[in-house]
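Work through the exercises below with the sequence and the model open. Try each task before reading its solution.

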Amino acid sequence: MAEIVRWLHAQGYSEISVVGMCIGGLIAGLIASYEDKADKAVLMVSPDGLADMVWTGETFRGLRGRLGSSISLDELRNAWRLFDLRKNLWELTRPGLDLMFVVGKDDKIVRPELSGGLIGDLGACNLSPQVVLLNCGHSSVGMFPYNIIAARRVLRFLKETPTLAELWEMRGWDCQEFCAGGRFIS
């Protein structure tokens, strides 16, 4: 993935952003930490580390059960330290990198505190990443109205502010027809 960022830069793109959701957000954060040609990173409902997500996430109960008492959380963190953004704090605090986090307040897969640790660490370094806290869970960040709220905030962060009609159009709906039909907030 970092090769793609470098290739885009070689093609003349001067502003390059990486965006990911869940584990993809973790990967986007890793790319941003290692590739200085990435200017912005958006981590949506993303953990700051893979080990903690597996240890605490509801969907990983089966895996956690199979791990049983054979490994502790600290041992798992050590084994998967390459997938821990908090280990890359120095790189994530580099000048010129802007970060945004989209967090689901009721996320049971990537609990909010899993992003909160990294956000807190960045704050301790006098950096203030943009944080969007949505009143939703993990998957519901992709459902109306949270998807519209998240998309608008992310696109604004990336400096491309769509109109509400454009967001509706992306969903394949005709905003004029929808709003005229009284099915929108009056």
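The exercises go from the whole chain to single residues, and the model they use is a predicted one.

**Exercise 1. The overall make-up**

Task: State how many helices and strands the protein has, in what pattern they follow, and what share of the residues is buried.

Solution:
- Step 1. Counting the elements gives 10 helices and 4 strands.
- Step 2. Read along the sequence, their pattern is α-β-α-β-α-α-α-α-β-α-β-α-α-α.
- Step 3. The protein has 186 residues, and 41% of them count as buried.
- Step 4. The accessible surface is about 10,500 Å², with 55% of that area on carbon and sulfur atoms.
- Step 5. Among contacts with a separation of 6 or more, 64% are between residues 24 or more positions apart.

**Exercise 2. Helix α2**

Task: Compare the span of α2 with the expected one, then list its buried residues and what covers them.

Solution:
- Step 1. Helix α2 runs over residues 23–34, which is 12 residues.
- Step 2. From first to last C-alpha α2 reaches 17 Å, close to the 16 Å expected at 1.5 Å a residue.
- Step 3. The buried residues of α2 are Gly-25, Leu-26, Ala-28, Gly-29, Leu-30, Ile-31, Ala-32 and Ser-33.
- Step 4. Their cover includes the helices α1 (2–10), α3 (50–56) and α6 (89–92), as well as the strands β1 (17–21) and β2 (40–44).
- Step 5. Cys-22 is in the loop between β1 and α2. This residue is not a glycine, yet its phi is positive, about 60°. Cys-22 counts as buried because its relative accessibility is 16%, and the cut-off for buried is under 20%.

**Exercise 3. The buried acid after α2**

Task: Is Glu-35 buried or exposed, and which residue does its side chain meet in a polar contact of 2.6 Å?

Solution:
- Step 1. Glu-35 is located in the loop between α2 and β2.
- Step 2. With 4% relative accessibility, Glu-35 counts as buried.
- Step 3. Apart from neighbours within four places in sequence, Glu-35 contacts Ala-2, Val-5, Arg-6 and Arg-94.
- Step 4. Ala-2 is 33 residues from Glu-35 along the chain, and their C-alpha atoms are 6.2 Å apart.
- Step 5. The polar contact of 2.6 Å is between the side chains of Glu-35 and Arg-6.

**Exercise 4. A second buried acid**

Task: Find where Asp-107 lies, and name the side chain with which Asp-107 makes a polar contact.

Solution:
- Step 1. Asp-107 belongs to the loop between β3 (98–104) and α7 (112–124).
- Step 2. The relative accessible area of Asp-107 is 2%, so this residue is buried.
- Step 3. Beyond neighbours within four places in sequence, Asp-107 touches Val-45, Pro-112, Cys-136, Gly-137 and His-138.
- Step 4. His-138 is the partner: its side chain and that of Asp-107 are joined by a polar contact of 2.8 Å.
- Step 5. Ser-140 is 33 residues from Asp-107 along the chain, with 8.9 Å between the C-alpha atoms.

**Exercise 5. Helix α7 and the residue after it**

Task: Describe the packing of α7 and the backbone of Asn-126.

Solution:
- Step 1. The 13 residues of α7 reach 18 Å from first to last C-alpha, close to the expected 18 Å.
- Step 2. Buried in α7 are Leu-114, Ser-115, Gly-117, Leu-118, Ile-119 and Leu-122.
- Step 3. These buried residues pack against α3, α6, β3 and β4.
- Step 4. Just after α7, Asn-126 has a positive phi of about 65°. Asn-126 is part of the loop between α7 and β4.
- Step 5. Asn-126 counts as exposed, because its relative accessibility is 72% and the cut-off for exposed is over 50%.

**Exercise 6. The cis peptide bond**

Task: Which residues does the cis peptide bond join, and what lies 3.4 Å from the backbone nitrogen of Phe-144?

Solution:
- Step 1. The cis bond joins Phe-144 and Pro-145, with omega about 0°.
- Step 2. Pro-145 lies in the loop between β4 (130–134) and α8.
- Step 3. The atom 3.4 Å from the backbone nitrogen of Phe-144 is a polar atom of the Asn-147 side chain.
- Step 4. Asn-147 is in α8 (residues 146–157) and counts as buried at 15% relative accessibility.

**Exercise 7. Charges and rings**

Task: Over which rings do the charged ends of Lys-40 and Arg-64 sit?

Solution:
- Step 1. The charged end of Lys-40 sits over the ring of Phe-157, 5.2 Å from the ring centre.
- Step 2. For Arg-64 the ring is that of Trp-55, with 3.5 Å to the centre.
- Step 3. A search for aromatic pairs gives 0.

Methods
Residues are numbered from 1 along each chain as its sequence is written. This is a predicted model: local features need pLDDT of at least 70, side-chain atom pairs count only at pLDDT 80 or more; totals for chains, interfaces and linings use all residues. Side-chain values use heavy atoms; hydrogens and water are left out. Rings of Phe, Tyr and Trp (its six-membered ring) pair if their centres lie within 6.5 Å; planes under 30 degrees apart count as stacked, over 60 as edge-to-face and the rest as tilted. A charge sits over a ring if NZ of Lys or CZ of Arg is within 6 Å of the ring centre and within 35 degrees of the ring normal. Helices (H or I, at least four residues) and strands (E, at least two) are DSSP runs, numbered from the N terminus. The expected span of a helix is 1.5 Å times one less than its number of residues. Buried means under 20% relative accessible area, exposed over 50%, partly exposed in between (1.4 Å probe, protein chains only). Contact means heavy atoms within 4.5 Å. A polar contact is a pair of N or O atoms within 3.5 Å; within protein, one must be able to donate a hydrogen and the other to accept it, and residues adjacent in sequence count only if both atoms are side-chain atoms. Accessible areas come from the Shrake-Rupley method with a 1.4 Å probe; for residues, only the protein chains shown count as cover.
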